Structure formats: structure tokens, C-alpha cells
Amino acid sequence: MLFKNLKGHPGASAAIGVLASRERVARLLGCAKEDLGRLLCESVASPIAPVLDESPAPCQEVVHLASEPDFDLFRLLPAPTNTPVDAGPYITLGMCCATHPDTGCSDVTIHRLCIQGRDELWRPLPISVSIGVDPAIEIGACFEPPTTPLGYDELSIAGAIRGEPVRLCRCVSVAERAIAHAEFVIEG
């Protein structure tokens, strides 16, 4: 479903259920639904590592800093509150990129994140949350051990699916990377 009239967010839209059918996922990844499993298996076997792109990132065309007096995640993000008993508005498909502070190993994972306050979303850890990314990235991030062992960069699966590396950028405010072509990136 596509919602185009979001209360408090003029001009924004939100899509729900984009990956809810095998047929739709296959179309988004450019293959027949019968070949979807084969494509994913081949992508794990022949990964293409992401690259850090130093050119200006599309996700950084507009930057809002938490230090600005009018900064407010509730106002900036069209995150839905789905039921009256939800703790607040949720980012339902946030691609979280973080690096282990001791090992330097990075990972991308999917999280449902509740906006806690005007500038509060996550525990203290340098992290980026990329929202509105290529479906190949969302699918690739779903892989877990033993298919992708500890230290395996699932973004390389997305690269293999598309036949080119996922473009990353340096974050503006934290020592982390983000998905360069995301619609929104939250840094913290």
C-alpha cells in the first residue's frame, strides 16, 4: 500500500508491504519468481563488496543536525504509529550500519525502531540508519549464519544481485558509513 497524504508530513509518502510477495520481490530483483532462490544462492556464492564513494552522496543533499534548535525526529520522519497502543512512531525497515568498536568488523542489520524523543532513537553507539533503500539491500541484509558467517558483509549479496557494488558514504556526524542512495539516513 502507498500512502501519499501523511499527517504532519506534506509531500512525503510511505509504502507498506513492498516485499510482501515472492512475485513482487522477483520483479524488483529482475528475475522470474521461479529463479529467485537461485539468484540469492548465486549472490551469496559470488559476492560483490560494497565501496566507499567519496563523491557527494544523494542521501546527504539535505542535512539536519540534532544541535539545531528546531531538530525533531517526529517532524522530520514520516514514521507511522500503527496502533493506538504503540509506544510511538516506528521506523519499520531501518537498515542499521554499525562497526564493532574493538574488532572493526561492520555489519548491516534490519531493525524496527521506535522514535523515543526529538533526538533519541538508539543506544550510544556510532550508527547510521538508512531508510528507503534498494530492495536488494533489504533482501541481502536478511541473510544470517550459517549462510553468511560472522564477519560476512551482507551488502555484498546486494551487490551481487545488482551486478555492481553498493555505494556507501561517510556519515556527517559520526565515524560510520551509510548507504549513499538511501532516501533518509539517521546518524547517531
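Q: What is the order of the strands in the open sheet of four strands?
A: In this predicted model, four strands form an open sheet with antiparallel pairing. Between one strand and the next, the twist averages 30 degrees. The order of the strands is E5-E4-E6-E9.

Q: Which strands stand at the edges of the sheet?
A: A strand at the edge has a single partner strand, so one side of it is left without a neighbour in the sheet. This applies to the strand at residues 106-114 and to the strand at residues 184-187. The edge strands are therefore E5 and E9.

Q: Over how many bridges do strand E4 and strand E6 pair?
A: Strand E4 covers residues 90-99, and strand E6 covers residues 127-131. Within this pair, methionine 95 stands opposite serine 130 in E6. The two strands pair in the antiparallel sense, and the number of bridges is four.

Q: Are helices H1 and H2 parallel or oblique to each other?
A: The axes of H1 (residues 22-29) and H2 (residues 36-45) come within 10 Å and cross at roughly 50 degrees. Angles under 35 degrees count as roughly parallel and those from 65 to 115 as roughly perpendicular. The crossing angle of roughly 50 degrees fits neither class, and the two helices are therefore oblique.

Q: What is the handedness of the crossing of H1 and H2?
A: The helix axes cross at roughly 50 degrees. The crossing is left-handed.

Q: How do the residues of the contact of H1 with H2 divide into nonpolar, polar and charged?
A: On the side of H1, the contact is made by Arg22, Val25, Ala26 and Leu29. H2 contributes Leu36, Gly37, Leu39 and Leu40. Arg counts as charged and Gly as polar, whereas Ala, Val and Leu count as nonpolar. The division is six nonpolar, one polar and one charged.

Q: Is histidine 9 buried or exposed?
A: Histidine 9 lies in the loop between strand E1 (2-3) and strand E2 (14-15). Leaving aside residues up to four places away in sequence, it touches Phe74, Arg75, Leu76, Leu77 and Pro78. Its relative accessibility is 13%, and the cut-off for burial is under 20%. Histidine 9 therefore counts as buried.

Q: Why does glycine 17 count as partly exposed?
A: Glycine 17 is placed in the loop between E2 and H1. The partly exposed class lies between the buried limit of under 20% and the exposed limit of over 50%. Glycine 17 belongs to this class because its relative accessibility is 37%.

Q: What distance separates the C-alpha atoms of glycine 17 and proline 124?
A: Along the chain, glycine 17 and proline 124 are 107 residues apart. In space, their C-alpha atoms are separated by 31 Å.

Notes: Residues are numbered from 1 along each chain as its sequence is written. This is a predicted model: local features need pLDDT of at least 70, side-chain atom pairs count only at pLDDT 80 or more; totals for chains, interfaces and linings use all residues. Side-chain values use heavy atoms; hydrogens and water are left out. Buried means under 20% relative accessible area, exposed over 50%, partly exposed in between (1.4 Å probe, protein chains only). Contact means heavy atoms within 4.5 Å. Axes are lines fitted to C-alpha atoms, for helices over the stretch in contact, and angles run from 0 to 180 degrees between N-to-C directions. Angles under 35 degrees count as roughly parallel, over 145 as roughly antiparallel, 65 to 115 as roughly perpendicular and the rest as oblique. A crossing is left-handed if the near helix is turned anticlockwise from the far one by less than a right angle, and right-handed if clockwise. Two strands pair if DSSP finds at least two bridges between them.
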